[in-house]
Amino acid sequence: MLIRLEQVGVDYAVRNRPSRTVLRDVNLVIKPGEFISVVGQTGCGKSTLLRLILGQEQPSSGRVLIDGRERNHPDRDRGYVPQKYSLFPDKTVLQNVIFGLEVAEFGLFNRWTPRYHRRKAEFMEEALATLGQMGLESSDAQKYPSQLSGGMQQRVAIAQALITRPKILLMDEAFSALDPGTRREMQQLLRRVWRESLTTIVFVTHNTYEAVYLGTRVVLLEKNAELGGACVALDIPVPEHEEAAEIEPVVREIEHRDLAVFA
């Protein structure tokens, strides 16, 4: 299994008050190549779950295993796309996309060698190909983020995360700030990219239809008063589909639990 959460709990300290439990007894297994959509009420710990898998946060109890090992820091095996565009405003699109490759291979300062300049040319070629995969033109590569629409910025953010070829791509409400038309385009783009790359994706969303349309499985987190935190209330597979009608039964089953909040 690529990702395994075993009896995971997360507690946050609160000044002068008892600690607040966000997650409790979360068990989840994710195989390579799966697309897992995570839904649930606001505040039930969906983003916390992503941070645990990313290695940005550690559980208070239980274990998070990536490829069978606990990893306590983010690494290039795990790409991340947040809700807000994660682009450097003072860098061009091309500079943003190759930044992760440069840091991974040369660090922030060791860049004044002939080898660096050779590798940078290779990085740029790879970045242009990745931007093309995201539906962007080569002319967009020299633009700055402020010159791009929201949908274009998010395409760049996905390219930025994918260019290091991570085993896992984590996306936190990545399309929630987009208008409905652009959001639909991005959903179709992400499905195509996932099918081509077979990257394992964990995608947090409030939108039930989006969760089912994109995912091979939908995991619902539900606050449990008895446990004092959220746990996995439902883990349901999604059948292969092309038309919306094919996934309506799954959407209705999830909505019946009143866990999802429509975007």
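A polar contact here is a pair of N or O atoms within 3.5 Å. Keep that in mind for the residue at the start of helix α5. One thing to know up front: this is a predicted model.

**Around helix α5**

Let's start with D179, which sits in the loop between β6 and α5. D179 caps the N-terminal end of α5, with a side-chain oxygen placed 3.1 Å from the backbone nitrogen of G181. Is D179 buried, exposed or partly exposed? Buried means under 20% relative accessible area and exposed means over 50%. D179 has a relative accessible area of 43%, so it counts as partly exposed. There's also a neighbour from elsewhere in the sequence: the C-alpha atoms of D179 and G150 are 8.8 Å apart, although 29 residues separate the two along the chain.

Now for the helix that D179 caps. Helix α5 covers residues 180-197, which makes 18 residues. From its first C-alpha to its last, α5 reaches 26 Å, close to the 26 Å expected at 1.5 Å a residue. Which residues of α5 are buried? They are T182, R183, M186, Q187, L189, L190, R191, V193 and W194. The cover over these buried residues includes strands β3 (35-40), β6 (168-172) and β7 (200-204), along with helices α3 (114-133), α4 and α6 (208-214). Just past the end of α5 comes L198, and this residue takes a positive phi of about 55°.

**The two pockets**

Next, the open spaces. Rolling a probe the size of a water molecule over the atoms shows where empty space is left. Here's how the largest pocket and the second largest pocket look side by side:

| Pocket | Volume | Lining residues | Closest to the centre |
|---|---|---|---|
| Largest | about 390 Å³ | 18 residues | R78, G79, Y80, Q160 and A161 |
| Second largest | about 150 Å³ | 13 residues | K46, S47, D172, E173 and H206 |

Where does the lining of the largest pocket come from? Strand β5 (78-81) and helices α2 (93-106) and α4 (150-162) each bring at least two residues to it. Helix α2 gives the most, with six residues. Helix α4 turns up twice in this story: it helps line the largest pocket, and it is part of what covers the buried residues of α5.

As for residue classes, the lining of the largest pocket has nine nonpolar, six polar and three charged residues. In the second largest pocket, the lining splits into four nonpolar, six polar and three charged residues.

Technical notes. Residues numbered from 1 in each chain as written. Predicted model: local features only at pLDDT ≥ 70, side-chain atom pairs only at ≥ 80, totals over all residues. Heavy atoms only, no water. 1 Å grid on protein atoms, 1.4 Å probe; cavity = no way out; pocket = protein on both sides within 12 Å on 5 of 7 lines; lining within 4 Å. Points joined across faces, edges and corners; volume = space filled by probe spheres on them. Helix = DSSP H or I, 4+ residues; strand = E, 2+ residues; numbered from the N terminus. Nonpolar A, V, L, I, M, F, W, Y, C, P; charged D, E, K, R; others polar. Expected span 1.5 Å × (residues − 1). Buried < 20%, exposed > 50% of the residue type's maximum accessible area, 1.4 Å probe, protein only. Contact = heavy atoms within 4.5 Å. Polar contact = N/O pair within 3.5 Å; in protein donor to acceptor, adjacent residues only side chain to side chain.
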